[in-house]
Amino acid sequence: MSANNTNQNKEITITIDGKVCKSEFGKTILEIARENDIYIPTMCYLTKVLPIASCRMCVVEVEGVDGMILSCQEKAVDGAVITTNNDALFNERQNIMKLYDVNHPLQCGVCDKSGECDLQNKTLEFKVDSQNFMAKDQYRPVQNWGHVSYDPALCIMCEKCVRVSNEITGNELLEVKMGGYGSTIINKNPESNDASLGESAAVCPVGALVQNHFKYTANAWELSKIPSACTHCSVGCAIDYEVKNDTIYRVTNDAEFATICGAGRYGFDFANKTASKDKDAFSKAVSAFKDAKNIVFSPAITNEEALILQKIKEQTGAKLVCPEAKAYQEFMASYSSVTGKSLYSAKLEDIANSMGIIILGTMIDKDAPVVKYHINMASKHNRARVIYMHPLENSDMQNIITQFIKYEVGSEEGVLALLAQTLLADVELPKTIRKFIDDLDIGNLSAESNVGEEELEALRKSLLKKSGFSIVVGSDLYMHPRAKQIAKLLALFETFGDFKVMCVPPASNALGVSLVCELDDEVEGSSVGYNAKADFVLSSIGGGDLDMPSLNQQEGTITTVDKRVVPLNVAQPYNGYVLNDIANELGLNATYTIDYTKELPTQNGFEAIEFDSLDNRLDGFGRDVRGYELKAQKVSLSRSFEEIAELEAYDGAVVYNSNPQDQFNPNTDIAPLLKDKAYLVGSKAFASAAKLQDGDTLSFKVGKVVCERTFKIDDALKGTIALNPTFDLGLEASKVENYRFERLSIIRNT
């Protein structure tokens, strides 16, 4: 056993600048100093990556140790006495700043970083008011990398951007080209226009990497920060809308600790800016609700709006229809019947700290990029084993996957059963469950799913002598014909194995909606749609009968993948009616939508807290303290299992409903910085199976929606499964309510 393991969680005591500080063995001097609000200056340090140790600003003196040491990477020793500031340390840091300032352009008035520049701040802090030496300058042209641009003349080579690219987002595009004073950062694929490079720009302490859309538009001090949450996927990342004159200029995040994806950073311009109070349309909306047999809605709504819809249902008797959220609701109900708890166990922090991760039923880098970032963190920081299971290979995940297991479309039930037989073989289980697993026909399941027993054995061996595992599952499972049985099989790993499980919600606030609403199947008769196609439509994205506010135009809460209820704030003005206005006409009584925040159902884990009492920040250590965490509720156990169903064959050409990077829904579709064209993309093998040529236009049905697409061949894809996006379907998106894989049935081909 290693010394680290022996001393793990051992308490140590050190003294920093005369202050006695208690902490845990294994933490660095800098970490302990920050825990105790003791300031040590840094330029290259970034909390969320491993110590970079390139700037030397964090030097300290330790009693009994000759010379200065780097506090960012030096582990604290019990009893150490440390000095963080004296004349010698100040002079050392001042000299470092003089080197940083050599030939650094001083036109701060026209630099986008001015007012929030670390170099600017520390030049003043360490009183560098003159320059005694210089180096011959070099021609260093600005490089355009799509969403961001790089100015080598401003770069101080702190390497933060490179570390984020490799350790966090995992795009691995950036690296250091060494060359003394001519050292620079290079982009290995500058034509890629990868939006995740926005995170690398976010951590740049100077103006070397900047967001192109923001460049030369406003000074940092002119902008008001409005804290909120991203609503494009279910992760609900903490963001700040930076606003001037009722216009969002940019989205930022606390990049020292947290990370947002490209859609969160660039997909902010989706507000309903032309809304007005149309009294005639409002009157028709009230009548439509009174007569409606169905209320069909998108899960991209607040918890409060979901509660209003639930109360309208109770008032009018209408059915509440949200297929994505209902499928997730039923999946989690089945899952909970095995675990005995209403919520899955894993949080993002658990994923990042895992030593082994199994990903099943999701292209996670597209469905929830920030979950993928945490998987990448586990891979890079813990050397975690990452097992990716899916019918499609994913080239964008290859750099972190340690084992890819391809299974047949539709065989997810059999795959979960095989995993249970493999990974729970030596686990003590209730007799009925043990009998069910032992009676599985492994040979038949292996043959049907196309998952070899040798692959499963390799998986099992890769996790031996490790602990702390996670399973991440997604939308492929929730609308599967055997979703309830799949949920129960998955729950075995949380209940009886050494696994944390994350059931990534399928859309913005699907988890919140599933906990607030009693959801139904659609019945015959008139319907009202909220951002969904219906006889009468309330829409925040255009094309409706009555305008509604977008999610960056209203106060309310959403429920994140971390099971936190977090607040949204108004970033854009809105001049129309809101759902609460209609509800009041129908007999409900609330002055504001957020009056319902304290009424969210406590029996499902919510708390009776006023909206204005909700916190909206990360704390000084980067912990998410926004809102509150849902309380898992006890659920009655029902641990009976059915026989594994025979696999339905998916022969010929198959489409998989999956969006491209940074596109999630109609809101990202209308955001100008993310504008993208939707294609059906497949391999040459798919083209042959479907009798298509590159550039063909075709119509085919997905769920209840007819898609019209141009077909494109992608040589990186294999097999007879093509990728079909749904982000551009607008109000029709709610009608895609099927298993994500389905046979291609061409209606028209030109």
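**Exercise 1.** Work out which residues of α10 meet which residues of α19.

*Solution.* Start with the contact list, where contact means heavy atoms within 4.5 Å. From α10 come E330, F331, S334, Y335, S337, V338 and T339, and they meet A483, K484, I486, A487, K488, L490, A491, L492, E494 and T495 of α19. Next, sort the contact residues by type: nine are nonpolar, four polar and four charged.

A quick word on the input: this is a predicted model, with local features needing pLDDT of at least 70 and side-chain atom pairs counting only at pLDDT 80 or more, while totals for chains, interfaces and linings use all residues. Residues are numbered from 1 along each chain as its sequence is written, and side-chain values use heavy atoms, leaving out hydrogens and water.

**Exercise 2.** Find how many residues of helix α5 (residues 160-168) are buried, and what covers them.

*Solution.* Apply the cut-off first: buried means under 20% relative accessible area with a 1.4 Å probe, protein chains only. Eight of the nine residues in α5 pass, namely K160, C161, V162, R163, V164, S165, E167 and I168. Then look at the cover, which includes β8 (174-177), β9 (184-187), α6 (197-202), β10 (209-211) and α13 (369-382). Just after α5 comes G170, with a positive phi near 75 degrees.

**Exercise 3.** Place strand β16 (residues 356-360) among its partners.

*Solution.* Check burial: five of five residues are buried, so β16 is largely enclosed by the rest of the structure. Split the sides: G356, I358 and L360 point one way, I357 and I359 the other. Now pair it up (at least two DSSP bridges are needed). β16 runs parallel to β19 (residues 469-473), joined by five bridges, with G356 opposite F469. Five bridges also join β16 to β17 (residues 385-389), again parallel, and there I359 partners Y388.

Terms used
Helix = DSSP H or I, 4+ residues; strand = E, 2+ residues; numbered from the N terminus. Nonpolar A, V, L, I, M, F, W, Y, C, P; charged D, E, K, R; others polar. Buried < 20%, exposed > 50% of the residue type's maximum accessible area, 1.4 Å probe, protein only.
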